[in-house]
Amino acid sequence: MNELRGGLIVSCQAPAGHPLRDPEVIARLAECAVLGGAAGLRVNSAEDIAAVRRRTDLPVIGLHKVRHGHRDVITPTLDLAAGLAEAGADMIAVDLTPETPGPGLKLIEHIHGLGVPVMGDVSTLEEGLSAWEAGADVVGTTLSGYTARQLPTPHDPDLHLVGALASRGVRVIAEGRYRNHHQVRQAFAAGAWAVVVGGAITDPISITRRLAAAAPR
Ligand SMILES: CC(=O)N[C@H](C=O)[C@@H](O)[C@H](O)[C@H](O)COP(=O)(O)O
């Protein structure tokens, strides 16, 4: 787990219907991230993790998204977590917001029983402190801006939450809407232990959309 400290973690994901939705393509994105200097990867589903594992030994934070209500929740059950561990995940991310339909904080201990560390994905300071007290190995700001009461999702990353968790001694991973090196630096300056960047690296659709918006046509 310590290999992730101070590093950039690249989230290599593509949802159903996305042109890049293919485990082999995800694995190639992961390989690009490795060549670019990523310290770790964040990958959705056992199938994609298995494909990524065939190309790199870099630490993988695994998750399994399940549609629930207005959004995808992150790895709500122990069964899903066990599948990720079997596929080669080095750490498992779980949804620790009140919106998860799963056992929430209890999952941490259950996943530790598999011998795998846990990243608690949260949306608020309170959730983050509870996750840390319950034994999460790292706490991610992943879900800030995505729970029902936080919609619409803000444009910028939640650097304030990173700082608030770090100042209370929580090992915090900054994740969600980091789009440039300036924001990544700010996250580390705020006390982040590591930073996850997804779409700004691995989603050519949103990258194109942002740049196309600057064109006069
Ligand atoms: C909210 C949610 O479900 N986030 C997911 C968590 O794994 C992914 O869809 C994000 O791409 C990831 O968090 C990285 O964030 P960004 O792509 O903004 O750098």
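Here is a walk through a predicted model of a protein chain with a ligand, from the overall fold down to a few single residues.

Let's start with the whole chain. The protein chain has nine helices and ten strands. Its radius of gyration comes out at 16 Å, close to the 17 Å that the globule rule gives for 217 residues, so the chain is as compact as a globular protein of that length. If you lay a box along the principal axes, the C-alpha atoms fill roughly 50 × 35 × 35 Å. Of the 217 residues, 45% are buried. Contacts also reach across the sequence: take those between residues at least 6 apart, and 57% of them join residues at least 24 apart.

Now for the strands. Eight of them form a closed barrel with parallel pairing, and you can trace the barrel in the order β1-β2-β3-β6-β7-β8-β9-β10. Going from one strand to the next, the twist averages 25°. For a look at one pairing, pick β6 and β7 (residues 118–121), which run in the parallel sense and share four bridges. Within that pair, I92 sits opposite V118 of β7.

Helices come next, and α2 is a handy one to look at. This helix lies across three strands, β1 (8–12), β2 and β3 (60–63), and runs at about 145° to β2. Just ahead of α2 is S45, placed in the loop between β2 (40–44) and α2 (46–53). The backbone of S45 deserves a glance: its phi is near 90°, a positive value in a residue other than glycine. S45 counts as partly exposed because it has 19 C-beta neighbours inside 10 Å, and being buried takes 20 or more.

T75 also has a positive phi without being a glycine, in this case about 40°. You'll find T75 in the loop between β5 (71–74) and α3 (78–87). With 28 C-beta neighbours inside 10 Å, T75 counts as buried.

Another backbone feature turns up at L151 and P152, which are joined by a cis peptide bond with omega at about 0°. P152 belongs to the loop between β8 (138–140) and α6 (159–167).

Moving on to L105, this residue is in the loop that links β6 (91–95) to α4 (106–112). Is L105 buried, exposed or partly exposed? It counts as partly exposed, because 17 C-beta neighbours lie inside 10 Å. Leaving out residues up to four places away in sequence, L105 touches L96, S130, A131 and A134. As for V94, eleven residues from L105 along the chain, the C-alpha atoms of the two are separated by 9.1 Å.

That leaves the ligand. Which residues are closest to the ligand? Of the 16 residues that surround it, the closest are S11, Y146, R177, G198 and G199. Two elements give two or more residues each to this shell, namely β10 (194–197) and α8 (199–202). Sorted by class, the shell is a mix of seven nonpolar, six polar and three charged residues. To tie this back to the fold, β10 is also one of the strands in the closed barrel.

Methods
Residues numbered from 1 in each chain as written. Predicted model: local features only at pLDDT ≥ 70, side-chain atom pairs only at ≥ 80, totals over all residues. Buried ≥ 20, exposed ≤ 12 C-beta atoms within 10 Å, placed from the backbone. Contact = placed C-beta atoms within 7 Å. Near = placed C-beta within 6 Å. Nonpolar A, V, L, I, M, F, W, Y, C, P; charged D, E, K, R; others polar. Rg over C-alpha atoms; globule rule 2.2 N^0.38 Å. Pairing = 2+ DSSP bridges. Axes fitted to C-alpha atoms, helices over the stretch in contact; angles between N-to-C directions.
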